[in-house]
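Grab a coffee and work through these exercises with the structure open beside you. Each task comes with a solution that goes step by step.

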Amino acid sequence: PGIGKTVTLESYIRANPTAIFLTGSPNIRNGRDIMEELLEAINKKADGRNKSLEKSLIAALKDSNRMIIIDEAHFLRLDGLETLRRIYDATKCPLVMVGNPKIMEIITEKNKTVTGQFFSRSVRIALDTKVPLEDVKGIVLQNNVSLADGCLEELYKAANMIGALRIMTKLFLFAWTIAGKNSHNVISIEHIMAAKKVIISV
């Protein structure tokens with residue numbers, strides 16, 4: 001199973017189907033892109049001038065309290081952020097933006113002369129960057145494999161480097177492949193180290 005933020009968001013959407021989910025990209029980043037995507041997500045017509053799109057979107061969402069979730073939000077341009085700000089102000093729909101730290105380089109104290117109205121409405125949720133050992137165990141041991149001495153410690157170390165659980169999972173899966181992916185085989189520290197040489201990020 002996936003372990004990244006996108007998988008977490010998709011799980012949240014399944015549990016909360018009224019939430020509106022879209023993903024930013026190099027092709028979905030300006031105000032019009034966002035309005036079209038949101039209208040399509042709520043099964044509304046997405047054509048006409050920008051003003052018409054905005055009116056339709058606000059009419060459909062006003063006082064609905066439907067959460068809008070934007071994944072890969074670091075792709076958004078300033079006009080995209082301003083569009084979201086206007087939609088939020090008019091509809092009061094909760095807005096969650098998820099992405100890499102680049103999004104916070106735009107919405108910061110330093111840049112608030114440009115994004116001031118958005119900045120004043122924003123709250124940053126800072127997650128604990130330390131991955132607990134229990135999370136590593138939960139991913140690795142669910143596969144009913146055996147680890148030799150030192151392997152769990154090495155995987156835990158990888159989980160707390162750049163790339164976090166994603167890199168750790170790749171390291172584990174590759175080591176498991178080297179070991180033969182047989183539940184009767186024990187993954188040794190030699191398997192982990194051999195996998196490490198291939199996964200350069202570790």
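**Exercise 1.** In which helix is M193 found? Work out as well how M193 sits relative to the surface.

*Solution.* Keep in mind that this is a predicted model.
- Start with the location: M193 belongs to helix 10.
- Now the surface. The relative accessible area of M193 is 34%. Buried needs under 20% and exposed needs over 50%, so M193 is partly exposed.
- Then look across to C151. The two residues are 42 apart in sequence, yet the C-alpha atoms of M193 and C151 are 9.3 Å apart in space.

**Exercise 2.** Stay with C151 and find which residues of helix 8 are buried, then explain how they are arranged around the axis.

*Solution.*
- Helix 8 covers residues 151–159, and its buried residues are C151, L152, E154, L155, A158 and A159.
- These residues span an arc of only 160 degrees around the axis, so they sit on the same side of helix 8.
- What do they pack against? The buried residues of helix 8 meet helix 7 (133–140), helix 9 (164–179) and helix 10 (189–198), along with strand 4 (146–147) and strand 5 (186–187).

**Exercise 3.** Describe the largest nonpolar core: which residues touch the most other members, and which elements supply it?

*Solution.*
- This core has 22 residues, and L38, L57, L61, I68, I70 and L76 touch the most other members.
- Elements giving two or more residues to this core are strand 1 (20–23), helix 2 (31–41), helix 3 (50–61), strand 2, helix 4 and helix 5 (102–106).
- Helix 2 provides the largest share, four residues.
- A second, separate core holds 21 residues, including L152, L155, F172 and I192.
- Back to I68 for a closer look: leaving out residues up to four places away in sequence, I68 touches I20, L38, L61, I87, C93, P94, L95 and V96.

**Exercise 4.** H74 and F75 are next in line. Decide for each whether it is buried, partly exposed or exposed, and list the contacts.

*Solution.*
- H74 lies in the loop between strand 2 and helix 4, and so does F75.
- H74 has 11% relative accessibility, so it counts as buried. F75 comes in at 31%, which means partly exposed.
- Not counting residues up to four places away in sequence, H74 touches G99, N100, K102 and I103.
- With neighbours within four places in sequence left aside, F75 contacts G24, S25, P26 and R29.
- For F75 and K102, 27 residues apart along the chain, the C-alpha separation is 8.6 Å.

**Exercise 5.** Trace the salt bridges that E82 makes with R85 and R86.

*Solution.*
- A reminder before you begin: side chains of opposite charge can pair when their charged atoms come close.
- R85 and E82 form a salt bridge at 2.3 Å, N to O. The two residues are three apart in helix 4, so about one helical turn separates R85 and E82.
- R86 and E82 form a salt bridge at 3.9 Å, N to O. R86 and E82 are four residues apart in helix 4, again about one turn.
- Check accessibility: R85 is buried at 11%, E82 is partly exposed at 27%, and R86 is partly exposed at 29%.
- Salt bridges with shared partners link E54, E82, R85, R86 and D89 into one network.
- How many salt bridges does the structure hold? The count is 10.

Terms used. Residues are numbered from 1 along each chain as its sequence is written. This is a predicted model: local features need pLDDT of at least 70, side-chain atom pairs count only at pLDDT 80 or more; totals for chains, interfaces and linings use all residues. Side-chain values use heavy atoms; hydrogens and water are left out. Buried means under 20% relative accessible area, exposed over 50%, partly exposed in between (1.4 Å probe, protein chains only). Contact means heavy atoms within 4.5 Å. The arc is that of the directions from the helix axis to the C-beta atoms. A nonpolar core is a set of buried Ala, Val, Leu, Ile, Met, Phe, Trp, Tyr and Cys residues joined through side-chain atoms within 4.5 Å. A salt bridge is a side-chain nitrogen of Lys or Arg within 4 Å of a carboxyl oxygen of Asp or Glu.
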